[in-house]
Amino acid sequence: MNTQMLIDFMQRLVRQPSPSGEEQAVVQIVINEMQSLGFDKIRVDENGSAIGIIEGMQPGKTLLFDAHCDTVGIAPGATWTTDPYGGEIIDGHLYGRGCADMKGALAAMVYAAADVDKSKLAGRIVLSASVMEEVFEGGALKTVMDQVNPDYVVIGESSNLNLVHGGRGRAEIHLETIGKPSHSSSPHLGINAVHLMMKVIEAVDGIKLGEHPRLGPAILALTDIISEPYPGYSVIPSRCKATYDRRLLPDETIQDVLSAIKSLPELKSIQLNMIIAQGEHRSYTGSILRGTKFFPAWELDAKHPFVESALKGLRTYGLDPKLSAYRFCTNAAYSIGMAGIPTIGFGPGTEADAHVVDERLSLDALEKAARGYHGIIEAVLS
Ligand SMILES: [Zn+2]
C-alpha cells in the first residue's frame, strides 16, 4: 500500500467541506479515487452515497465497509488554531473537520480494499461512503444495504484501533403537556401547561435506568423545553413541549422507553402526550430520508465467528486490538440493531477526537487502520 497516496487522498477529503446534505463534491472525490484504483463497480445511489465494489475471483460472502462522508459543521465562536478545511500536517497529525469522524477511516478503507489480491479473494468487498449520518443514523446505510445485501458489516467509526462489538443506541422523545389558556391576570381560570411540565420533569428524573458493563449507563437527558404560545403575552400557556435524549442499552424497545414514563404514578392526573420524534431529512440528491428517531443499541457476541476472524486478521497485521464498545450511536444501529446483520466497528482515532475544535488524526493511526482493514478482509473473505 502506498502510504503517501493514502495521506494525499485523506487530505483532499478533508479540504472539501461536506456537512450533512452537502456531500456531493466529496462523493465525487471518492468516486474518482475508486476509479483510479481500479474498483470493479462504482456508483452513486439515490441518496448520493458512493458505493464501490471489488469482486474476488472465488465465490463467497459480501463484506460491507461503511464510512459516512458527512461531517458536523464548525460551531460559531469556537477558535481553531488551524484552518478546519486546510488539511495541514503538523507533527505527524493531519488536522481538519472530519479527520477523526471519519474521513481518515474512509480513506483507509478505500486503500485497504484496493490493495487486496483479487485472485485470493473469496467473495466481494463493498465500500460505502454514506451520506447524512450525522443527522440520521442508519438512514442512508439502509438504502446501501438494500442494494448490496451484505453478510457482514464493518463500521469505521473511531475505536482507537480496538475491535468494537456493541454500541449504545439513542432515541428522541417528545413530551407535551396540555393545559387550559386564560388571561394571566386570572391564572386561576386556566391550567398552566408549564407547571404541569415541571411535575413531569421531576417525575421523569426519578426513573431508574439500567447500566451495561461495556456500554455504560442508559441516559435520559432533557434537551429543550418550550411553551405555547411563545412568546406568551398576558396568557397562561396551554401547551408545553419538552425533548429528551435517551441513550439506549441492548434489547430496549420503543415500548419499554415510553412505558417507563407512562406508568409514573405522579403523572396519572396530567394530560400528557408522548411520542418518539420523527426524522425527515433531505439529501443533496433531493431524496428524503424519513423514520422514527429510535436507533437501537446492539451487541454481537464476542465468540461470533465474524468477531473471531476479524480479531485474527487484525493481529496478523501487527495490531493488538482489545474488545470494546461504542458509547455513541452509529450506522450500526441500523445494520445490526434493525437489520440484524453481524456488524463490528474498527477505526482510527477516539470518541473524544470527534466533533471538536482542532480535530485531527495521527498519520500513524491512519496507516494502522488501513492495515487493519486489509487484515479483516483477508481473514473474512478467504
Ligand atoms: Zn461519525
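Visitor: Which residue in β5 stands opposite Ile89?
Guide: Leu94 stands opposite Ile89. The model is predicted: local features need pLDDT of at least 70, side-chain atom pairs need 80 or more, and totals for chains, interfaces and linings use all residues. Residues are numbered from 1 along each chain as its sequence is written, and side-chain values use heavy atoms, leaving out hydrogens and water.

Visitor: How do you know that β4 and β5 pair?
Guide: Pairing requires at least two DSSP bridges between two strands. β4 and β5 (residues 93-95) share 2 bridges, so they count as paired. Their sense is antiparallel. A strand is a DSSP run of E with at least two residues, a helix a run of H or I with at least four, and both are numbered from the N terminus.

Visitor: What makes β4 and β21 edge strands?
Guide: Each pairs on one side only. The open sheet has 3 strands in the order β4-β5-β21, with antiparallel pairing.

Visitor: Which strands does β9 pair with, and over how many bridges?
Guide: β9 (residues 169-178) runs antiparallel to β13 (residues 239-248) over 10 bridges. Gly169 stands opposite Leu248 there. With β14 (residues 272-276), β9 shares 5 bridges, again antiparallel. His174 has Ile275 as its bridge partner in β14. With β17 (residues 294-295) there are 2 bridges, also antiparallel. Arg170 stands opposite Phe295 in β17.

Visitor: Why is β9 called mostly covered?
Guide: Buried means under 20% relative accessible area, exposed means over 50%, and partly exposed lies in between, with a 1.4 Å probe and protein chains only. In β9, 9 of the 10 residues are buried.

Visitor: Why is helix α4 described as largely enclosed?
Guide: In α4 (residues 139-148), 7 of the 10 residues are buried, so the rest of the structure largely encloses the helix. The buried ones are Gly139, Ala140, Leu141, Thr143, Val144, Met145 and Val148. Asn149 follows α4 and has a positive phi, near 40°.

Visitor: What makes His68, Asp101 and Glu157 donors of the zinc ion?
Guide: A donor is an N, O or S atom within 2.8 Å of the metal, or 3.2 Å for Na, K and Ca; water is not among the atoms, so sites may look incomplete. His68 (NE2), Asp101 (OD) and Glu157 (OE, twice) lie 1.8 to 2.4 Å from the zinc ion. They therefore qualify as donors.

Visitor: Why is the site of the zinc ion called irregular?
Guide: Its 4 donor atoms give angles of 55 to 142°. Four donors are tetrahedral if all angles lie between 85 and 135 degrees; four are square planar and six octahedral if opposite donors are over 155 degrees apart and all others between 65 and 115; anything else is irregular. The angles of 55 to 142° satisfy neither four-donor class, so the site is irregular.

Visitor: How are the donor residues of the zinc ion spaced in sequence?
Guide: The spacing is H-x32-D-x55-E. His68 in β3 (residues 58-68) and Glu157 in the loop between β7 (152-155) and β8 (163-167) are 89 residues apart. Both are buried.

Visitor: Is Ser287 buried or exposed?
Guide: Ser287 has 16% relative accessibility, so it counts as buried. Ser287 lies in the loop between β15 (278-282) and β16 (288-292).

Visitor: Which residues does Ser287 contact beyond its neighbours within four places in sequence?
Guide: Contact means heavy atoms within 4.5 Å. By that criterion Ser287 contacts Glu46, Asn47, His281 and Arg282. The C-alpha atoms of Ser287 and Glu46 are 6.8 Å apart, across 241 residues of chain.

Visitor: What makes Phe65 and Tyr373 an edge-to-face pair?
Guide: The structure holds 6 aromatic pairs. Rings of Phe, Tyr and Trp (its six-membered ring) pair if their centres lie within 6.5 Å; planes under 30 degrees apart are stacked, over 60 edge-to-face, the rest tilted. Phe65 and Tyr373 are 5.7 Å centre to centre, with 85° between the planes, so both tests are met. Phe65 sits in β3 and Tyr373 in α9 (residues 363-380), 308 residues apart. Both are buried.

Visitor: Which other aromatic pair includes Tyr373?
Guide: Phe346 and Tyr373 are edge-to-face, at 5.3 Å and 90°. Phe65, Phe346 and Tyr373 form one aromatic cluster.
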